[in-house]
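Let's walk through this structure together, going from one charged pair to the next and then on to the nonpolar interior and a pocket.

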Amino acid sequence: MRVRPISSWSLVRVEDNSMTAGGIAIPESIADRDKKTCQIAEVVAMGSEAFSDQDKTPVKVGDKIFIRKYAGIDLPRETNDKSLYKLVDHNEIVAVIEDE
C-alpha cells in the first residue's frame with residue numbers, strides 16, 4: 001500500500017518499543033506501565049500544506065520527531081511490514097530530535 005498524505009498531514013513510522021534489544025517481546029500490559037506521554041517517529045512523507053503557515057518548515061522527510069502518544073491515525077499494517085505507520089497533523093508534532 002502506498003500512502004500520500006494530503007493537506008497538513010504527515011506520514012510517520014513509529015519506533016517499535018514492544019521488543020527488547022535482544023529480540024524479546026514485551027507484553028502490552030507491561031509496556032503500558034512505562035506511561036510515556038510521547039513516541040519517537042520518523043517522518044516518511046508530508047502533505048503539501050504541512051507547516052504552510054510558517055516561513056520555514058521545521059520538519060522534513062527523514063527527521064526523527066516526538067509525537068504525542070495517542071496522536072494521529074493508526075494505519076493498517078502490511079503483512080510483510082512490522083512497522084507501525086500513523087498519519088499525524090503537523091500540530092501534533094511536538095519536537096524534532098537533533099543529533100549533537
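Aspartate 63 is a good place to begin: with 12% relative accessibility, aspartate 63 counts as buried, where buried means under 20% relative accessible area, exposed over 50% and partly exposed in between, using a 1.4 Å probe and protein chains only. Its salt-bridge partner is lysine 60, with 3.2 Å between the closest N and O atoms. Lysine 60 is exposed, at a relative accessible area of 54%. A salt bridge here is a side-chain nitrogen of Lys or Arg within 4 Å of a carboxyl oxygen of Asp or Glu.

Before going on, a word on the model: it is predicted, so local features need pLDDT of at least 70 and side-chain atom pairs count only at pLDDT 80 or more, while totals for chains, interfaces and linings use all residues. Residues are numbered from 1 along each chain as its sequence is written, and side-chain values use heavy atoms, leaving out hydrogens and water.

The whole structure holds 4 salt bridges. In one of them, aspartate 74 pairs with lysine 86, the closest N and O atoms being 3.5 Å apart. This pair links distant parts of the chain, since aspartate 74 sits in strand 4 (residues 73-74) and lysine 86 in strand 5 (residues 84-89), 12 residues apart. Strands (E, at least two residues) are DSSP runs numbered from the N terminus. Aspartate 74 is partly exposed at 48%, whereas lysine 86 is buried at 3%.

Arginine 13 and glutamate 42 form another salt bridge, at 3.1 Å between the closest N and O atoms. They lie 29 residues apart, in strand 1 (residues 9-14) and strand 2 (residues 38-46). Arginine 13 is partly exposed, at 27% relative accessibility, and glutamate 42 is partly exposed too, at 23%.

Now for the interior. The largest nonpolar core has 13 residues, and those touching the most other members are Val12, Ala41, Val59, Ile65, Ile67, Val88 and Ile93. Strand 1, strand 2, strand 3 (64-68) and strand 5 each supply at least two residues of this core. Such a core is a set of buried Ala, Val, Leu, Ile, Met, Phe, Trp, Tyr and Cys residues joined through side-chain atoms within 4.5 Å. Apart from this core lies another, of 5 residues, among them Ala45, Leu75, Tyr85 and Leu87.

Tyr85 also appears in the lining of the second largest pocket, being one of the residues nearest its centre.

Methods
1 Å grid on protein atoms, 1.4 Å probe; cavity = no way out; pocket = protein on both sides within 12 Å on 5 of 7 lines; lining within 4 Å. Helix = DSSP H or I, 4+ residues; strand = E, 2+ residues; numbered from the N terminus.
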